[in-house]
Amino acid sequence: MGELIRVAAASDIPPGTAKIVQAKGEPVAIFNANGKFYALHNTCLHKGGPLGEGFVDEAACTVECPWHGWAYKLETGEKVDDASKKVRTYKVVKKGSDVFVEV
Ligand code: FES
(Lines give C-alpha, C1' and ligand atoms only; values in the text may rest on other atoms or scores of the structure.)
Protein backbone atom coordinates (compact mmCIF):
# COMPACT_ATOMS: atom_id res chain seq x y z
CA MET A 1 0.00 0.00 0.00
CA GLY A 2 1.22 3.48 -0.83
CA GLU A 3 1.49 6.53 1.30
CA LEU A 4 -1.18 9.23 1.41
CA ILE A 5 0.29 12.61 0.55
CA ARG A 6 -1.62 15.87 1.01
CA VAL A 7 -1.46 17.67 -2.31
CA ALA A 8 -4.04 20.44 -2.23
CA ALA A 9 -6.90 22.10 -0.48
CA ALA A 10 -10.15 20.93 -2.04
CA SER A 11 -11.12 24.57 -2.56
CA ASP A 12 -8.07 24.99 -4.84
CA ILE A 13 -9.65 22.61 -7.39
CA PRO A 14 -13.25 23.63 -8.07
CA PRO A 15 -15.48 21.40 -10.22
CA GLY A 16 -14.42 21.44 -13.87
CA THR A 17 -10.80 22.26 -13.11
CA ALA A 18 -7.50 20.51 -12.48
CA LYS A 19 -4.26 21.17 -10.67
CA ILE A 20 -0.80 19.72 -11.24
CA VAL A 21 0.99 18.67 -8.08
CA GLN A 22 4.12 16.78 -7.16
CA ALA A 23 3.64 13.66 -5.07
CA LYS A 24 6.92 12.04 -4.05
CA GLY A 25 8.52 13.60 -7.10
CA GLU A 26 5.85 12.39 -9.51
CA PRO A 27 3.85 14.92 -11.52
CA VAL A 28 0.21 14.14 -10.83
CA ALA A 29 -2.83 15.91 -12.24
CA ILE A 30 -5.75 16.16 -9.80
CA PHE A 31 -9.15 16.69 -11.41
CA ASN A 32 -12.53 17.67 -10.03
CA ALA A 33 -15.49 16.49 -12.09
CA ASN A 34 -18.85 17.24 -10.51
CA GLY A 35 -17.32 17.44 -7.04
CA LYS A 36 -15.52 14.13 -7.27
CA PHE A 37 -11.72 14.01 -7.36
CA TYR A 38 -9.56 11.93 -9.72
CA ALA A 39 -5.82 11.69 -10.24
CA LEU A 40 -3.84 10.75 -13.32
CA HIS A 41 -0.14 10.90 -14.08
CA ASN A 42 0.28 14.33 -15.62
CA THR A 43 2.11 13.12 -18.73
CA CYS A 44 0.17 12.40 -21.92
CA LEU A 45 1.14 9.15 -23.62
CA HIS A 46 1.29 10.83 -27.03
CA LYS A 47 4.09 13.40 -26.72
CA GLY A 48 4.13 14.21 -23.04
CA GLY A 49 1.57 17.01 -22.88
CA PRO A 50 0.48 18.17 -19.41
CA LEU A 51 -2.92 16.59 -18.78
CA GLY A 52 -3.50 18.83 -15.78
CA GLU A 53 -3.67 21.79 -18.18
CA GLY A 54 -6.21 20.05 -20.39
CA PHE A 55 -9.92 20.54 -20.84
CA VAL A 56 -12.02 18.75 -18.20
CA ASP A 57 -15.32 17.47 -19.60
CA GLU A 58 -17.43 16.90 -16.50
CA ALA A 59 -20.33 15.31 -18.35
CA ALA A 60 -18.11 12.71 -20.00
CA CYS A 61 -15.73 12.49 -17.01
CA THR A 62 -12.73 12.90 -19.30
CA VAL A 63 -9.78 15.21 -19.84
CA GLU A 64 -8.53 16.30 -23.22
CA CYS A 65 -4.79 16.84 -23.58
CA PRO A 66 -4.08 20.52 -24.34
CA TRP A 67 -1.47 19.68 -27.01
CA HIS A 68 -3.24 17.49 -29.58
CA GLY A 69 -6.53 16.50 -28.01
CA TRP A 70 -6.10 12.91 -26.88
CA ALA A 71 -8.89 12.30 -24.38
CA TYR A 72 -8.62 10.10 -21.30
CA LYS A 73 -11.21 8.73 -18.89
CA LEU A 74 -10.65 10.19 -15.45
CA GLU A 75 -11.82 7.04 -13.69
CA THR A 76 -9.55 4.54 -15.43
CA GLY A 77 -6.86 6.55 -17.23
CA GLU A 78 -7.79 4.83 -20.50
CA LYS A 79 -7.64 6.72 -23.76
CA VAL A 80 -11.25 7.24 -24.75
CA ASP A 81 -10.96 5.68 -28.20
CA ASP A 82 -8.20 3.15 -27.45
CA ALA A 83 -8.30 1.35 -24.10
CA SER A 84 -4.94 -0.29 -24.83
CA LYS A 85 -3.38 3.09 -23.99
CA LYS A 86 -3.70 3.94 -20.33
CA VAL A 87 -2.09 6.56 -18.12
CA ARG A 88 -1.40 5.72 -14.52
CA THR A 89 -4.17 6.52 -12.08
CA TYR A 90 -3.85 7.23 -8.38
CA LYS A 91 -6.23 6.79 -5.52
CA VAL A 92 -7.54 10.13 -4.27
CA VAL A 93 -9.00 10.74 -0.85
CA LYS A 94 -10.67 13.88 0.41
CA LYS A 95 -10.36 14.31 4.15
CA GLY A 96 -12.00 17.36 5.59
CA SER A 97 -10.98 20.25 3.37
CA ASP A 98 -7.83 18.58 2.01
CA VAL A 99 -7.08 16.29 -0.94
CA PHE A 100 -4.60 13.43 -0.66
CA VAL A 101 -3.20 11.04 -3.26
CA GLU A 102 -1.75 7.63 -2.64
CA VAL A 103 1.72 7.10 -4.10
S1 FES B 1 0.84 15.22 -26.30
FE2 FES B 1 -1.16 14.80 -25.61
S3 FES B 1 -2.29 14.60 -27.44
FE4 FES B 1 -0.27 14.94 -28.12
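Trainee: Where is asparagine 42 found, between which strands?

Mentor: In this predicted model, asparagine 42 is found in the loop between strand 4 (36–41) and strand 5 (55–57).

Trainee: Why is asparagine 42 called buried or exposed, whichever applies?

Mentor: Buried means under 20% relative accessible area, and asparagine 42 has 8% relative accessibility, so asparagine 42 counts as buried. Its contacts, not counting residues up to four places away in sequence, include Ile20, Pro27, Val28 and Ala29, and also Gly49, Pro50, Leu51 and Gly52.

Trainee: What makes the approach of the side chain of asparagine 42 to the backbone nitrogen of glycine 52 a polar contact?

Mentor: The side chain of asparagine 42 reaches that backbone nitrogen of glycine 52 at 2.8 Å; a polar contact asks for a pair of N or O atoms within 3.5 Å, one able to donate a hydrogen and the other to accept it, and the distance therefore satisfies the cut-off.

Trainee: Is threonine 43 to be called buried, partly exposed or exposed, and why?

Mentor: Threonine 43 has 32% relative accessibility, which lies between the 20% limit for buried and the 50% limit for exposed, so threonine 43 counts as partly exposed. Threonine 43 also has its place in the loop between strand 4 and strand 5, and, leaving aside its neighbours within four places in sequence, is in contact with Pro27, Gly48, Gly49, Leu51 and Val87. Threonine 43 and valine 28 are 15 residues apart in sequence, and their C-alpha atoms are 8.2 Å apart in space.

Trainee: How do you know that strand 3 and strand 4 pair, and which way do they run?

Mentor: Two strands pair if at least two bridges are found between them; 6 bridges join strand 3 (residues 26–33) to strand 4, so the two strands count as paired, and they run antiparallel. Within strand 4, histidine 41 is the bridge partner of valine 28.

Trainee: What is the order of the strands in the open sheet, and what makes a strand an edge strand?

Mentor: The open sheet is formed by 4 strands in the order 2-3-4-10, with antiparallel pairing. The edge strands are strand 2 (18–23) and strand 10 (89–90), as each pairs on one side only.

Trainee: Why are lysine 24 and asparagine 34 called exposed?

Mentor: Exposed means over 50%; lysine 24 has a relative accessible area of 53%, so lysine 24 is exposed, and asparagine 34, at 58% relative accessibility, therefore counts as exposed. Lysine 24 is found in the loop between strand 2 and strand 3, with a positive phi of about 55° although it is not a glycine. Asparagine 34 has its place in the loop between strand 3 and strand 4, and its phi, near 55°, is a positive value in a residue other than glycine.

Trainee: How do you know that cysteine 61 is in no disulfide?

Mentor: A disulfide is a pair of cysteine sulfur atoms within 2.5 Å, whereas the nearest cysteine sulfur to that of cysteine 61, belonging to cysteine 65, is 17 Å away, and cysteine 61 is therefore in no disulfide. The structure holds 0 disulfides. At 16% relative accessibility, under the 20% limit, cysteine 61 counts as buried.

Trainee: What makes lysine 79 count as a charge over the ring of tryptophan 70?

Mentor: Lysine 79 lies over the face of tryptophan 70 at 4.3 Å from the ring centre, and the cut-off for that distance is 6 Å, so the distance condition is met. Lysine 95 likewise lies over the face of phenylalanine 100, at 5.2 Å from the ring centre.

Notes: Residues are numbered from 1 along each chain as its sequence is written. This is a predicted model: local features need pLDDT of at least 70, side-chain atom pairs count only at pLDDT 80 or more; totals for chains, interfaces and linings use all residues. Side-chain values use heavy atoms; hydrogens and water are left out. Buried means under 20% relative accessible area, exposed over 50%, partly exposed in between (1.4 Å probe, protein chains only). Contact means heavy atoms within 4.5 Å. A charge sits over a ring if NZ of Lys or CZ of Arg is within 6 Å of the ring centre and within 35 degrees of the ring normal.
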